[in-house]
Every structure is written in structure tokens, then in C-alpha cells.
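Colleague: I'm new to this one. Could you take me through its salt bridges up close, with the residues that form them?

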Amino acid sequence: SVRRQRAAPRSQTVVCAYDASKELGACDPLLFWDPIGFCEAGTKEDFDRRRAVELKHGRVCMVAALGMIWPDLFGKFDGYLSPSAGLKFADVPSGLAAIQAVPVQGWLQVLVLAAVIETQLFKDQSFGGFGFAKYGKEPGNFGTGYWGRKIKDPAERKNKLLVELNNGRLAMISVTAMLVQNGLTGQSTIEQLTSGHISPFNDGQGL
């Protein structure tokens, strides 16, 4: 008689979703807020990737928010932005209009400089997405310290990291609002405020 051999049961590994509710950033007033459900079935690696992306976007937007108001408040550089094109810094408008005013070669130089800073100075390895990027033990930490200073007190360090995270979140919302208003009105943020054009949805005479 032919004996039927029972198939060995397959071993299954159950991977539980990572609990991100205890991570830095789950604070007042919204506490742990995940309306889209990114963290419902995510792993620690998924969270680290999203935290690295959130920090980078926040840092870029903090600089962008300053860039949206700096020229109108503190003035522009002297001299030529593009000597070959006869373009001075003073000729470049504020806000979205500057995108078309700056030559393509200028934007390429900006992108190359940013790439060199991230990959060579900060040694950022979070490029490449799934399966390629490395986020380290603490996403967004490039070892540069707080303005070059290493914070040794755990409570102070946690507070500084939380401040940076929340400031970045606010900056992302702020830059989005400033870009939308600039696109609707054709005015930079400071131009809108000084002209009384507070609301972008009326005739330009203010609220």
C-alpha cells in the first residue's frame, strides 16, 4: 500500500504592525494623528522612511518660507545673477515669478549644489526608496548636532527634535498657502500684506 506522506506544515511568520503612537511627534493638540492610515500595517522601516521624508520636506519648507519673504523684507543681493544674460539679482521678482526669470542653467547649479551638500557633506543615504535607502538608527540625523553643538541632556534633545518636527510641519502648510496665494494674486506674501490684499478671492482691496 502506498503511504501518504503528510505535507510538513509551512512555518508562517506573523509580522505585527509597528506602533508609531509612541514616536516623537505624537503631541498636543492632535496627539497621534494618522487620518490616512499609513501606520496601520506598516513596519518600523516603513515608519523610518516616512519620518525621514517628513523631516526633509519640513526642512526644505522652512528654508522656502524664509525665501518667500526675505527679498521683500531685507532686500536682494547686489550685482549680477547672470552676467552673460545681463540679469541682476534686483531684476528677479519675488515669489513664483522668479522661476521663469532665473535661467535654466542657474536652477541646474542650485540642484547640483543641493545634491552635493546632501550626499557629500551630510552623507545622506536616504535616497533610492524601498529596498535601497538607509535611514540609520535615527532618520534625519546626519551627526551635525544642533548648530554644531551636541546636546547631551536627553530632555533638552527631545524638546529640540520635537520643535524642529513641528516647525517643519507648520512650514509645509505655510509654504503651500503662500504659493497658492501667490499663484492666485500674482503678488508675493509681503506685497499682499503691504497692499492690503489679505484675501486672494476678492478684488484686491483687502478683506
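Modeller: Sure. A salt bridge here means a side-chain nitrogen of Lys or Arg within 4 Å of a carboxyl oxygen of Asp or Glu. This is a predicted model, and a search of the whole structure turns up eight salt bridges.

Let's begin with aspartate 19, which pairs with lysine 22; their closest N and O atoms are 3.9 Å apart. Aspartate 19 has 45% relative accessibility, so it counts as partly exposed. Lysine 22 counts as exposed because its relative accessibility is 71%, over the 50% cut-off.

Now look at lysine 44, in helix H1 (residues 44–74). Lysine 44 sits 25 residues from aspartate 19 in sequence, with 8.3 Å between their C-alpha atoms. Leaving out residues up to four places away in sequence, lysine 44 touches Tyr18 and Glu23.

Helix H1 also holds lysine 56, whose side chain meets that of glutamate 118 in a salt bridge (2.8 Å, N to O). Glutamate 118 belongs to helix H3 (residues 104–121), so this pair ties together parts 62 residues apart in sequence. Lysine 56 is partly exposed at 25% relative accessibility, and glutamate 118 is partly exposed too, at 22%.

Then there's arginine 59, bridged to glutamate 164 with the closest N and O atoms 2.6 Å apart. That pair links helix H1 with helix H4 (residues 154–185), across 105 residues. Arginine 59 is partly exposed at 26%, as is glutamate 164 at 23%.

To finish, have a look at Arg51, Glu54 and Arg169, which are joined in a network of salt bridges.

Methods. Residues numbered from 1 in each chain as written. Predicted model: local features only at pLDDT ≥ 70, side-chain atom pairs only at ≥ 80, totals over all residues. Heavy atoms only, no water. Helix = DSSP H or I, 4+ residues; strand = E, 2+ residues; numbered from the N terminus. Contact = heavy atoms within 4.5 Å. Buried < 20%, exposed > 50% of the residue type's maximum accessible area, 1.4 Å probe, protein only.
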